[in-house]
Amino acid sequence: MSQLLDADLVLQGGGVKGLALAGAIVELMKTYRFRRVAGTSAGAIVGALVAAGFTREELQVAIDELRYDKVPDRRLPVPIVSETVSLFGFEGMYPGRYIHDWVAAQLAKKDVVTFRDLRLHADDQADPALSGDRGYSFVVTATDVTRGLSLRLPWDYRRLFGRDPDEMSVADAVRMSMSIPFFFEPQRLRSTLSDQTSIIVDGGVLANFPMQLFDRTDGVAPRWPTFGVGTIPDLPGGDSTLVPWLPMPRGSLFGLAEAIVATAVVGNDQTYLDLPEVAKRLMRIDTAGFGVVDFGIDRSRRQQLVDRGTAAAAQFLEGWHGDDRIPSANERT
């Protein structure tokens with residue numbers, strides 16, 4: 001078997017569409033090993049396993065065993081009543097305990113609990129901007145709606161909250177990243193610097209596809225490429241299945257609300273993603289017909305999503321030229 005090539009990986013959010021991300025990664029891992037991984041929401045769930053060192057086979061088994069039907073975990077045993085009580089009492093219909101505990105249990109298999117377990121070894125060839133509190137193999141995005149800014153965890157734990165990133169739970173960060181507004185309860189994080197408590201929601205609200213996280217800023221040519229895997233189409237159009245459980249007729253106030261949500265989730269990253277040197281490193285998986293929160297899909301449709309991810313990655317690799325790279329930030333200016 002030939003030696004694996006190095007790459008960094010960025011995974012877009014997308015709820016149940018994360019199954020497609022897993023299919024793509026398993027295909028990519030035939031050729032590449034991932035030095036650093038970034039993810040949002042569903043991308044954070046899958047990315048955490050990759051960063052922890054799951055093999056192709058282990059990743060396949062883990063995702064196959066994930067009970068998506070348990071992801072919407074009710075506080076009360078009565079449907080609709082539970083969602084209503086939770087939405088108005090806890091600001092989200094589901095607490096999200098099941099997926100948090102599942103991620104924590106999977107990571108424990110690789111002895112990963114806190115970000116200390118994912119700290120990179122010292123590397124004198126690395127971009128200095130990706131050392132110190134940014135010297136980890138895994139980073140997730142979340143959104144601090146109290147401060148009105150995008151969070152990059154563990155990078156921002158010390159700077160914004162006065163907390164040692166080494167001591168922070170990886171599963172907690174993933175749970176923050178997947179807090180789809182009104183669907184999952186938002187998380188809270190207190191700053192030891194100001195004693196302010198921030199409300200944290202899904203990273204996709206401000207940075208659903210943060211391809212720029214691993215760009216070099218020191219003018220040195222990247223040593224390996226950064227690949228991005230996406231499941232939600234660009235605008236115009238966005239994804240009409242972002243909130244399929246809440247019908248929003250076009251041409252109405254609710255239709256406008258849906259367009260605003262889609263723009264927030266998809267449009268914020270789009271200017272950067274449209275750059276030619278970035279676009280050619282993106283894998284776009286066709287997930288049409290699958291809703292972000294369609295957690296009740298049967299096994300056949302689950303496999304369809306995995307297969308679409310596998311096919312997209314295989315097609316991408318056929319046209320990929322290994323000498324291509326992303327110019328450093330200094331080279332683009």
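Among contacts in the protein chain (heavy atoms within 4.5 Å) between residues at least 6 apart in sequence, 74% join residues at least 24 apart. The model is a predicted one, with local features needing pLDDT of at least 70 and side-chain atom pairs pLDDT 80 or more, while totals for chains, interfaces and linings use all residues. Residues are numbered from 1 along each chain as its sequence is written, and side-chain values use heavy atoms, with hydrogens and water left out.

The chain holds 12 helices and 10 strands, taken as DSSP runs numbered from the N terminus (helices H or I, at least four residues; strands E, at least two). Of its 333 residues, 52% are buried; here buried means under 20% relative accessible area, exposed over 50%, and partly exposed in between (1.4 Å probe, protein chains only).

A good place to start looking is helix α3. This helix spans residues 56–65, and L59, A62 and I63 are buried in it. Viewed down the axis of α3, the buried residues fall within an arc of 95 degrees, so they line one face of the helix; the arc is that of the directions from the helix axis to the C-beta atoms. An α-helix has 3.6 residues a turn, so residues three or four places apart point the same way. The buried residues of α3 pack against α1 (18–28), α2 (42–52), α5 (97–108) and α11 (299–319).

One of these partners, α2, meets α3 through V46, L49 and V50, which touch L59, A62 and I63. That contact divides into six nonpolar residues, no polar and no charged, where Ala, Val, Leu, Ile, Met, Phe, Trp, Tyr, Cys and Pro count as nonpolar, Asp, Glu, Lys and Arg as charged, and the others, Gly among them, as polar. The axes of the two helices come within 10 Å and cross at roughly 145 degrees, using lines fitted to C-alpha atoms over the stretch in contact and angles from 0 to 180 degrees between N-to-C directions.

Over in strand β1 (residues 5–11) sits V10, which counts as buried at 0% relative accessibility. V10 and G228 are 218 residues apart in sequence, yet 4.7 Å apart in space, C-alpha to C-alpha. Leaving aside neighbours within four places in sequence, the contacts of V10 include A38, F209, M211 and G228.

Then there are the backbone oddities. Most residues other than glycine have a negative phi, and most peptide bonds are trans. The peptide bond from L153 to P154, though, is cis, with omega near 20 degrees, and P154 lies in the loop between β5 (149–153) and α6 (156–161). E91 has a positive phi of about 70 degrees and is partly exposed, at 38% relative accessible area.
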